[in-house]
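Open the model in a viewer and keep the selection tool at hand. The stops below go from a helix to a residue ahead of it, and then to a pocket.

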Amino acid sequence: MTNSSETAFENTEIYWPRTLRFWLLLIFDIPSIICSLFVLYHLLINRASRHALHNHTIIVLLSIALCFQLTDIPWYLDFIRKGSVRPQIQARCLIWWLVNLGFYNTVSLILAWTSIERHILVFHDQWTSTRKKRFFVHYLPLVVLILYSITYYTIVIFFPPCKHDYKYKLPVCAASPCHLFHPVLGVWEMGVHGCLSTIIVTFFSIALLLRVVHHKRRRHRVFRWKVYRKMIIQLLSISALYLLLNFPIMLFSVARFLGLPNHVGVQAQQITFFLTYWVMFLLPFVILSSLPGLRNKLYMIGLLKRQRRSTVTITMRRLINVQKNPLHCAYIG
């Protein structure tokens, strides 16, 4: 009989072939990086977009996703290519855990705050009407969350109250730093960074949609739907992506905490964990789709390219006709 500890999540690898995972990650990572750079560039280069309060959390989310795409994914591809984590040193695993676990959960925390903040920006814009109010209501919570996440994951990963087990033969060094199994830190990680963040995103996203519908029906109250539509659709789109891919892995974490044996559903948990990569892959595309200005710009770029191609094609055809019928062309001249 196989020991249940040997078939636990932290001791196994997803059964999908490594070659399949390699091409899936590579095919999605390259366009995701390009899209992230494109959206970030236009959000930062445009003064109005750069100063819009609702874009600040989006810029932070995109920046984290881009760092994830440029580090975690290439390391995973390198792992598949070489067959193990290289170089086989503790620092490589520690930094990989910081990116894989720390960056991902930072996105969860910031998205949770974004779902709360959208209620303020849409229904209580007077709370950010002055510089002082904007500092305390908008900037301070975002900065505190980022600093908290950086500090927390730096401490629990690099200076843990327990001993790490480095598994160089598994992706992300098994993605299981020891604090996840700590009686206090493990509950905090699952309860606050996992469950609470997911609950907040779910509750406040649904609440925002219901409040919008309610305000639109009450005609005697003014509601600037055209002004807030982009903000609302943007949050709902990002929240839907996050919940769709994150909710299954959260359920497994809760089930393990409540007593689900370690050897039950291990491969299903591995698959749900692997699919969370698509939160980072699809995030820039979801954000792009919620920015009509950028969509129109992309459409115009594509239209101009098609016009140039058609112009070149017509010119080439005329040159070919001239070469085939020189007398006819001379007569016309």
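The tour has three stops.

This is a predicted model, in which local features need pLDDT of at least 70 and side-chain atom pairs count only at pLDDT 80 or more, while totals for chains, interfaces and linings use all residues. Residues are numbered from 1 along each chain as its sequence is written, and side-chain values use heavy atoms, without hydrogens and water.

**Helix α1.** Select residues 18-45, which form helix α1 (helices are DSSP runs of H or I of at least four residues, numbered from the N terminus). Its 28 residues should span 40 Å at 1.5 Å a residue, and the end C-alpha atoms are indeed 40 Å apart; the expected span is 1.5 Å times one less than the number of residues. Now colour the buried positions (under 20% relative accessible area, 1.4 Å probe, protein chains only): among them are R21, F22, L25, D29 and S32.

**E13.** Step back to E13, in the segment before α1. E13 counts as buried because its relative accessibility is 19%. Its side chain makes a polar contact with the side chain of R21 at 2.8 Å (a pair of N or O atoms within 3.5 Å, one able to donate a hydrogen and the other to accept it). Beyond four places in sequence, the contacts of E13 (heavy atoms within 4.5 Å) include F79, K169 and Q270.

**Lining residues.** Finally, select L180, M190, I249, S253 and Q269, the residues closest to the centre of the largest pocket among the 37 that line it. Helices α4 (90-123), α6 (185-217), α7 (225-257) and α8 (266-275) each supply at least two lining residues.

Technical notes
Buried means under 20% relative accessible area, exposed over 50%, partly exposed in between (1.4 Å probe, protein chains only). On a 1 Å grid over the protein atoms alone, a cavity is a set of points where a 1.4 Å probe fits but cannot get out, and a pocket is an open set with protein on both sides within 12 Å along at least five of seven lines; lining residues have an atom within 4 Å of a point.
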